[in-house]
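Student: I would like a close look at one part of this predicted model. Please take me through the empty space, then the chain contact around it.

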Amino acid sequence: MATTYEAIQTTTLASAAATITFSSIAASWTDLRLVITNTSTLASANYLINFNGDTGANYSYTVLSGDASGTPTARSTRATGTTYGFLGLQYVGSSTTIPSFFTLDIFSYAGSTYKTTLGTALNDQNGTGEVMNIVNLWRDTAAITSVLITCNGTTMKVGTIATLYGIKAA
Amino acid sequence: MAITSVKTGSSFTNLTKYDSFLAGNAGYSPSSFESIATYTASGGETSFTFSSIPQTYSSLQVRCMLRRNTTGAANMGFRPNNDTSTNYTRHSLIGDGASASAAGSASGTYSYTQNLVIVPGTTSGAYSGQIWDILDYASTTKYKTFKVFSGYDANGSGEVGLNSNVWLSTSAITSLVVYFAGDAVDANSTFALYGIKG
């Protein structure tokens, strides 16, 4: 029987990799939560997400972000009809020792509605940095059974930890 | 009489002696994150209540997936203990895909998120997501702070934002009225209340 808040799968990279996959996700919980800590050897990269191997133009997202590089700035952007969901940006000039932190909450992942996610991407580089809040929509009514995380254009470094949790409502 | 030995030759064979009643099994560790109650809307409600909230946790979390079924102001909020007085303050930071904006208010009559709830006519099948964290809800010496992360995307429109709310009362929260500012919630919207132990 699923417990209320349970770690389903954890991946710790023993070698650099461009993707991490969580598969065979049971429909035992109400929501999913993904937590990633990561360092990168590349200056910047977008972290992307796909569900159930869907690479069709079935994703969209809205972003609220802020950084303090030069004049502190808050901005908002949107993308429609994309082939991926957006986890966040590994900030430009990322350190190889200061980890970035990503979270993603997936509501009613096994339900029969479209899937909404709320995510955060946090980078502070001791002088520069960026914080992002992101809402994604996956326009598919199928239950989510797999999650693919991609580091676009580079690889996730050894020691990256990604954990998938299940949260079960009464 | 306590059992102190089991001898060979009895009808019980191939027994393993354990020094613990766990008998080699892992011990049970109660979770620090517990589900208290869940509400699924039938559609058309203007409010509902989580009542008789246990006082045994450190914080509460409410996880919501919802739509409005009317085209009024797209706010949703809480009234702890059904307090309808002007005891609420709020600040918000919101992005709508084009620009970021900030807002605030004082002397409100409920804690709420500014907009951030999807309304009729917007991408059928898409719901808003909200996570409310209510810190130290059982304190009788502190005001209550609510942290809210919420948003929706409708493939061409959408909003995401952060809200902070304060309920200016030192009363422990024993109930939460979920309130839709005079408008109504759509069917199959869900609201799940969790308790977090510290």
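**Cavity, pocket and interface**

Tutor: Start with the largest cavity: S5 and S6 (100–108) of chain B each give at least two residues to its lining. S5(B) supplies the largest share, with 3 residues. They are Tyr88(B), Thr89(B) and Arg90(B). S6(B) covers Ser105(B) and Gly108(B). Tyr110(B), Tyr112(B) and Asn165(B) also belong to the lining. Asn165(B) falls within strand S10 (158–167). By class, the lining has 3 nonpolar, 4 polar and 1 charged residues. Tyr counts as nonpolar here, so Tyr88(B), Tyr110(B) and Tyr112(B) make up the nonpolar group. Arg90(B) is the charged one. The volume is about 30 Å³. The count of cavities of 30 Å³ or more comes to 1.

Now the second largest pocket. Its volume is about 260 Å³, and 16 residues line it. Nearest its centre lie Arg33(A), Ile131(B), Asp133(B), Lys147(B) and Phe149(B). Strand S8 (100–106) of chain A gives two or more residues to this lining, as do S3, S8 and S9 of chain B. S9(B) gives the most, with 3 residues. Lys147(B) and Phe149(B) fall in the range of S9(B), 144–153. Ile131(B) and Asp133(B) fall in that of S8(B), 128–135. By class, the pocket lining has 7 nonpolar, 4 polar and 5 charged residues.

This pocket lining draws on both chains, so the contact between them comes next. The size of an interface is often given as the accessible area lost when the parts come together. Here, chain B and chain A bury about 2700 Å² between them. Carbon and sulfur atoms carry 64% of that area. In contact are 42 residues of chain B and 35 residues of chain A.

The rule finds 2 salt bridges across this interface. One of them joins the side chains of Asp105(A) and Arg63(B), at 2.7 Å from N to O. Asp105(A) sits within S8(A), 100–106. Polar contacts between the chains amount to 17 residue pairs, both residues at pLDDT 80 or more. On chain B, the elements giving two or more residues to the side that touches chain A are strands S1 (33–40), S3 (59–66), S5 (88–95), S8 (128–135), S9 (144–153), S10 (158–167) and S12 (190–196). S1(B) makes the largest share, 6 residues. By class, this side of chain B has 19 nonpolar, 18 polar and 5 charged residues.

Notes: Residues are numbered from 1 along each chain as its sequence is written. Chains are lettered from A and ligands numbered from 1 in the order in which they are written. This is a predicted model: local features need pLDDT of at least 70, side-chain atom pairs count only at pLDDT 80 or more; totals for chains, interfaces and linings use all residues. Side-chain values use heavy atoms; hydrogens and water are left out. Contact means heavy atoms within 4.5 Å. Buried area is the accessible area (1.4 Å probe) that two parts lose on being put together, summed over both. A salt bridge is a side-chain nitrogen of Lys or Arg within 4 Å of a carboxyl oxygen of Asp or Glu. A polar contact is a pair of N or O atoms within 3.5 Å; within protein, one must be able to donate a hydrogen and the other to accept it, and residues adjacent in sequence count only if both atoms are side-chain atoms. Helices (H or I, at least four residues) and strands (E, at least two) are DSSP runs, numbered from the N terminus. On a 1 Å grid over the protein atoms alone, a cavity is a set of points where a 1.4 Å probe fits but cannot get out, and a pocket is an open set with protein on both sides within 12 Å along at least five of seven lines; lining residues have an atom within 4 Å of a point. Grid points are joined across faces, edges and corners, and a volume is the space filled by probe spheres set on the points.
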